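Here is a short tour of one protein chain, written to be read with the model open beside you. Let's begin with a single residue and work outwards from there.

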Amino acid sequence: MLEDTRRPLSKEEIKHDPLCYMDEEDINEILNVFKISFISDEKLEEDSYFLRTFFSELVNNTDITTFIIDEFVKKDLYDAPHLDEVPFFNNLLTYIDSDIVLSEIDDHKWMYLSQD
C-alpha cells in the first residue's frame, strides 16, 4: 500500500531508520511523508530488499518530502470473502494504523472515467 499522508513526520515516524539518524533541523523541514506498507500473510524474506528498493524509487524524495517503509504480517490476510472490495481495504488500512477510510464509489460515476 502506498499512502500520501500529506503531513509532516510524527514523533513515532521519526524513530524509523534512517530518519532517526537525521538532524532535528532537517527533520523539521519535511512537510510530507509517503508511507509504503507491505502486507503479507508471511514474513518477507528475500523479497524484502527487492520490494523496498523498487518502491523507494517510486517516491520523489526531496528535502521536504520523505518516505517510510514498513512490513506487516497478517496471517488471515486472504481469509476475507471479497478481497477486491472496499471493506477489505479499509480493514488493511486499519491494520497498518492509517488515517484513511475509503468509501464506495457510485456505479454511475464510473461512466465519466472512460470514453468509448
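Does Ile100 count as buried, partly exposed or exposed? In this predicted model, Ile100 has a relative accessibility of 35%, so it counts as partly exposed, given that the partly exposed class runs between 20% and 50%. You will find Ile100 in the segment after α3, the helix of residues 86–95. Together with Met1, Phe89 and Leu102, Ile100 makes a nonpolar surface patch of about 300 Å².

**The chain as a whole**

Stepping back, the protein chain has three helices and three strands. Read from the N terminus, these elements follow the order β-α-β-α-β-α. The radius of gyration is 17 Å, well over the 13 Å given by the globule rule for 116 residues, so the chain is more spread out than a compact globule. If you like to picture this as a box, the C-alpha trace spans about 50 × 35 × 25 Å along its principal axes. Buried residues come to 28% of the 116 in the chain.

**The sheet**

The three strands form an open sheet with mixed pairing, in the order β1-β2-β3. Why is one side of β1 and of β3 left without a neighbour in the sheet? Both β1 (2–4) and β3 (65–73) stand at the edges, and each has a single partner strand, so one side of each stays free of a neighbour in the sheet. On average, neighbouring strands here are turned by 20 degrees against each other, with direction ignored. The pairing of β1 with β2 (residues 32–40) is antiparallel and consists of three bridges. To see this in the model, look for Glu3, which stands opposite Lys35 in β2.

**Two residues with positive phi**

Next come two backbone angles to look at. Most residues other than glycine have a negative phi. Arg6, however, has a phi near 55 degrees, a positive value. Arg6 sits in the loop between β1 and α1, the helix of residues 24–29. With a relative accessible area of 69%, Arg6 is exposed. Asp97 also has a positive phi, near 65 degrees, and its place is in the segment after α3. Asp97 counts as exposed because its relative accessibility is 62%, over the 50% cut-off.

**Salt bridges**

The whole structure holds five salt bridges. The table shows some of them, with the distance between the N and O atoms.

| Basic residue | Acidic residue | N to O distance |
|---|---|---|
| Arg6 | Asp4 | 3.7 Å |
| Lys15 | Glu12 | 3.1 Å |
| Lys74 | Asp76 | 2.9 Å |

How do these partners stand towards the surface? Arg6, met above for its positive phi, is exposed at 69%, while its partner Asp4 is partly exposed, with a relative accessible area of 29%. Glu12 and Lys15 are both exposed. Which class does Lys74 fall into, buried or exposed? Lys74 has a relative accessible area of 10%, so it is buried, as the limit for that class is under 20%. Its partner Asp76 counts as partly exposed, at 38% relative accessibility.

How values were computed. Residues numbered from 1 in each chain as written. Predicted model: local features only at pLDDT ≥ 70, side-chain atom pairs only at ≥ 80, totals over all residues. Heavy atoms only, no water. Patch = residues over 30% accessible without salt bridge, like charges linked within 9 Å, V, L, I, M, F, W, Y side chains within 5 Å. Areas by Shrake-Rupley, 256 points an atom, 1.4 Å probe, with all protein chains shown as cover. Salt bridge = Lys/Arg side-chain N within 4 Å of Asp/Glu carboxyl O. Helix = DSSP H or I, 4+ residues; strand = E, 2+ residues; numbered from the N terminus. Buried < 20%, exposed > 50% of the residue type's maximum accessible area, 1.4 Å probe, protein only. Pairing = 2+ DSSP bridges. Axes fitted to C-alpha atoms, helices over the stretch in contact; angles between N-to-C directions. Rg over C-alpha atoms; globule rule 2.2 N^0.38 Å.
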